[in-house]
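Subject: Structure for you, with notes

Hello,

Here is the structure I promised to send. My notes on it follow below.

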Amino acid sequence: MCPVCGKFYFSLSARDVVCYDCLSENPPFEAHRSAGIYEGKLRETILLYKYRKIEYLAKPLAEFLARRLGDFCDVDCIVPLPSHKKRLKERGFDHILKIAKKLGRIMGIDVRKILVRNKYTLPQTGLSRSARLKNPKGSFSLIKDERYKRILVIDDVWTTGATIREAARVLKSAGYKVLAATVARDI
Ligand SMILES: [Zn+2]
């Protein structure tokens, strides 16, 4: 995999080579890891958890993530990526926060909601809805907590990585060291 963003490679000759994306633009996080590929049973489990609201799946998903992360997590705080208010209301539970809390319990690390989702801001009003969703700039605010220095940002699925990059950018500009992890990576 790419040692920076954790992109999976399917050739042994590419092992430990920094990927094109990370070479062309240094990401704001130190590193990102996904526990697995977003396909098969893992994808099914995430979909059941997220959309069928089978909430007890948070625990095995967090355990899977914890096992795969191992000693990657030299952090003092876990921060879940906040969902949109509307999505939270539709879903009825904060699926990322729930995984983050289970992960925190397994690893003995504090979990804090220091990132807050903003409503779409003015500069984006000229954009279409799909363009706004693809452009997460200005999506997050921060409630700074001085007790922590090294943050692990958690999300369920890495798709383009744009949202995690933006969250990491906000945290980094506030002086935090940022690692990131997702349960699965879309390839
Ligand atoms: Zn990379």
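Asp156 touches Lys50, His95, Ile96, Thr182, Val183 and Ala184, leaving aside neighbours within four places in sequence. Bear in mind that this is a predicted model. Asp156 sits in strand S6, residues 150-158. Its relative accessibility is 6%, under the 20% limit, so Asp156 counts as buried.

Strand S6 also pairs with strand S2. The two run parallel and are joined by four bridges. Pro80 of S2 is opposite Ile154 in S6. S2 covers residues 77-80. Cys77 and Val79 point one way from it, Ile78 and Pro80 the other. All of these are buried. S2 has a further partner in S3, residues 110-111. That pairing is parallel too, over two bridges. Here Cys77 faces Asp110 across the pair.

Two of the Asp156 contacts, His95 and Ile96, bring us to helix H5. H5 spans residues 95-107. What end-to-end distance should its 13 residues give at 1.5 Å a residue? The expected span is 18 Å, and the end C-alpha atoms are 18 Å apart, so the two agree. His95, Ile96, Leu97, Ile99, Ala100, Leu103 and Gly104 are buried in H5. As background, an α-helix has 3.6 residues a turn, so residues three or four places apart point the same way. After H5 comes Gly108, with a positive phi near 70 degrees.

Now the metal site. Which residues donate to the zinc ion? They are Cys2, Cys5, Cys19 and Cys22, each through SG, lying 2.3 Å from the zinc ion. The donor spacing in sequence is C-x2-C-x13-C-x2-C. Within the site, Cys5 and Cys22 link distant parts of the chain, 17 residues apart. Cys5 is in the segment before helix H1 (20-24), and Cys22 is in H1 itself. The angles between the four donor atoms run from 104 to 115 degrees, which makes the arrangement tetrahedral. For reference, the ideal angle for four tetrahedral donors is 109.5 degrees. Cys5 is buried at 2% relative accessibility. Cys22 is buried as well, at 5%.

Next, the aromatic rings. The count comes to two aromatic pairs. One is Phe29 with Trp158, edge-to-face, 6.1 Å centre to centre and with 75 degrees between the planes. This pair links distant parts of the chain, 129 residues apart. Phe29 is in the loop between H1 and strand S1 (31-37), while Trp158 is in strand S6. Phe29 is buried, with 3% relative accessibility. Trp158 is buried with a relative accessible area of 3%. The other pair is Tyr49 with Phe93, also edge-to-face, at 5.4 Å centre to centre and 75 degrees between the planes. Tyr49 lies in helix H2 (residues 40-51) and Phe93 in the loop between H4 and H5, so this pair ties together parts 44 residues apart in sequence. Both Tyr49 and Phe93 are buried.

Phe93 also leads to Leu88. Leu88 touches Ser83, Phe93 and Asp94, not counting residues up to four places away in sequence. Leu88 belongs to helix H4, residues 85-91. Is Leu88 buried or partly exposed? Leu88 is partly exposed, because its relative accessible area is 27% and the buried class ends at 20%. Leu88 and Ile78 are 10 residues apart in sequence and 20 Å apart in space, C-alpha to C-alpha.

Best wishes

Methods:
Residues numbered from 1 in each chain as written. Predicted model: local features only at pLDDT ≥ 70, side-chain atom pairs only at ≥ 80, totals over all residues. Heavy atoms only, no water. Buried < 20%, exposed > 50% of the residue type's maximum accessible area, 1.4 Å probe, protein only. Contact = heavy atoms within 4.5 Å. Donors = N, O, S within 2.8 Å, 3.2 Å for Na, K, Ca; no water. Tetrahedral: all angles 85-135°; square planar, octahedral: opposite > 155°, others 65-115°. Pairing = 2+ DSSP bridges. Expected span 1.5 Å × (residues − 1). Phe/Tyr/Trp six-rings, centres within 6.5 Å; stacked < 30°, edge-to-face > 60°.
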